[in-house]
Amino acid sequence: MQETPPSPDAPDISGTVADAYSGNWVDHHAPAALRPYLRLSRADRPIGTWLLLLPCWWGLALAILYDQSPRWEDLWIFAGCGIGAFLMRGAGCTWNDITDRHIDGSVARTRSRPIPSGQVTVRQALAWMVLQCLLGALILFTFNSMAILLGIASLGLVAIYPFAKRFTYWPQIFLGLAFNWGALLAWTAHSGSLGSPAVLLYMAGIAWTLFYDTIYAHQDKEDDALIGVKSTALLFGERTGPWLRRFLMLTVGLMGLAVVFSALPEASVLALALALAGPWAMGWHMAWQLRGLDIDNGDKMLQLFRANRDTGMIPLVFFAVALLA
């Protein structure tokens, strides 16, 4: 039976990555020549950008709460973090795909990525990574000198992360160290120096990353076990639920302490109460995820992982309201 030819106006989605969002803008609206590069940057899967960006916005909000000195330049820090998160998440994912190109070809979910599927060469991917880093540097260099130094320091964590799963069952810790660095950077971009609340917030973000990326890692655990790649999903196995509860409690507790130390110097009692409601509500959203946990259902685990955009948005909303109190 002869297949119906595609419409001349239909987008070419032949290079679509397996776990990309259905109907994503890259596959349907981006110029065809750019699609493989945007897929390298995970632009067809924006959840990673959100997970990198939200700790930045947490840090900025709590820094303003701490000194009660909002400034017009904070609007640029807010926007710059958004642009920078998109660019540096893209650069990090490109680096990850370069280093994992042989592993990705052996895993069902990742063999359709641009490098193992032949959409781009390693040299082209390296050039794309450098371009994204240079554009990200233009954003970073608009911040103060301490924030710039922190931004440069984060590159070491980004470089190490793809190799972590080769030598430890805790690669999610390395991801957490890299993905939550923005909490330190945005705090410093506003205040000019680091403070203990920012460090506590950073630690809370790492615990949250352990929570959501363990969920994510359960999608690949069979393939990972076969090829010798390590993860907390393999380490915890059937004990994943209890471990995720521990990460939930750490996230809420550490973020709560960050809020307390941010609000005590200058903020009102009402502002403190509103800000503390943020980690409390975030914890309830994480608990909702635990109720739907099914470690043997890859589709369900992907759905729960993606729900963490909302998880991270919840405290931000409360922090924003607290700033108005």
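User: What makes the contact between the side chains of K165 and D100 a salt bridge?

Analyst: In this predicted model, a nitrogen of one side chain and an oxygen of the other lie 2.6 Å apart. The term requires a side-chain nitrogen of Lys or Arg within 4 Å of a carboxyl oxygen of Asp or Glu. Lys165 supplies the nitrogen and Asp100 the oxygen, at 2.6 Å, so the pair meets the criterion. The two residues are 65 positions apart and link distant parts of the chain: K165 is in the loop between α7 (145-164) and α8 (171-179), and D100 is in the loop between α4 (73-99) and α5 (101-104).

User: How do you know that the side chains of R166 and D100 meet in a salt bridge?

Analyst: Their nitrogen-to-oxygen distance is 3.3 Å, and the limit is 4 Å. The pair therefore qualifies. R166 belongs to the loop between α7 and α8, while D100 belongs to the loop between α4 and α5, so this salt bridge ties together parts that are 66 residues apart in sequence.

User: Why is D100 called buried?

Analyst: The relative accessibility of D100 is 3%. Buried means under 20%, so D100 falls in that class. K165 is likewise buried.

User: Why is R166 described as partly exposed?

Analyst: R166 has a relative accessible area of 36%. Partly exposed covers what lies between buried, under 20%, and exposed, over 50%. The value of 36% therefore places R166 in the partly exposed class.

User: What makes D310 and R309 a salt bridge?

Analyst: The nitrogen-to-oxygen distance between their side chains is 3.1 Å, which is within the 4 Å limit, so the term applies. D310 has a relative accessible area of 34% and is partly exposed. R309 is partly exposed too, at 36%. Elsewhere, salt bridges that share partners join R42, D97 and R113 into one network. A search of the whole structure finds 9 salt bridges.

User: How do you know that the span of helix α16 is close to what is expected?

Analyst: Helix α16 (residues 308-324) has 17 residues. The expected span is 1.5 Å times one less than the number of residues, which gives 24 Å here. The model shows 26 Å from the first C-alpha to the last, close to that expectation.

User: Which residues of α16 are buried, and what covers them?

Analyst: The buried residues are N308, T311, G312, P315, L316, F319 and A322. Their cover includes α3 (47-67), α10 (196-217), α13 (240-263), α14 (269-291) and α15 (298-306).

User: Why are α3 and α9 called oblique to each other?

Analyst: The axes of α3 and helix α9 (residues 181-191) come within 7 Å and cross at roughly 40°. Roughly parallel needs an angle under 35 degrees, and roughly perpendicular runs from 65 to 115. An angle of roughly 40° fits neither class, so the pair counts as oblique. The crossing is right-handed. Residues making the contact include P55, C56 and G59 of α3, together with A186, W187 and H190 of α9.

User: How is the arrangement of α3 and α10 classified, and why?

Analyst: These helices pack at an angle of about 155°, with axes 10 Å apart. Angles over 145 degrees count as roughly antiparallel, so α3 is roughly antiparallel to α10. The crossing of α3 past α10 is right-handed. Among the residues that meet are L51, L54 and W58 in α3 and P197, L201 and W208 in α10.

User: What makes the phi of R42 noteworthy?

Analyst: Most residues other than glycine have a negative phi. R42 is not a glycine, yet its phi is positive, about 60°. R42 is in the loop between α2 (35-40) and α3. At 6% relative accessibility, R42 counts as buried.

User: What is the phi of Q68, and where is Q68 placed?

Analyst: The phi of Q68 is near 55°, a positive value in a residue other than glycine. Q68 is found in the loop between α3 and α4. Its relative accessible area of 39% makes Q68 partly exposed.

Technical notes. Residues numbered from 1 in each chain as written. Predicted model: local features only at pLDDT ≥ 70, side-chain atom pairs only at ≥ 80, totals over all residues. Heavy atoms only, no water. Helix = DSSP H or I, 4+ residues; strand = E, 2+ residues; numbered from the N terminus. Buried < 20%, exposed > 50% of the residue type's maximum accessible area, 1.4 Å probe, protein only. Contact = heavy atoms within 4.5 Å. Axes fitted to C-alpha atoms, helices over the stretch in contact; angles between N-to-C directions. Left-handed = near helix turned anticlockwise from the far one by under 90°.
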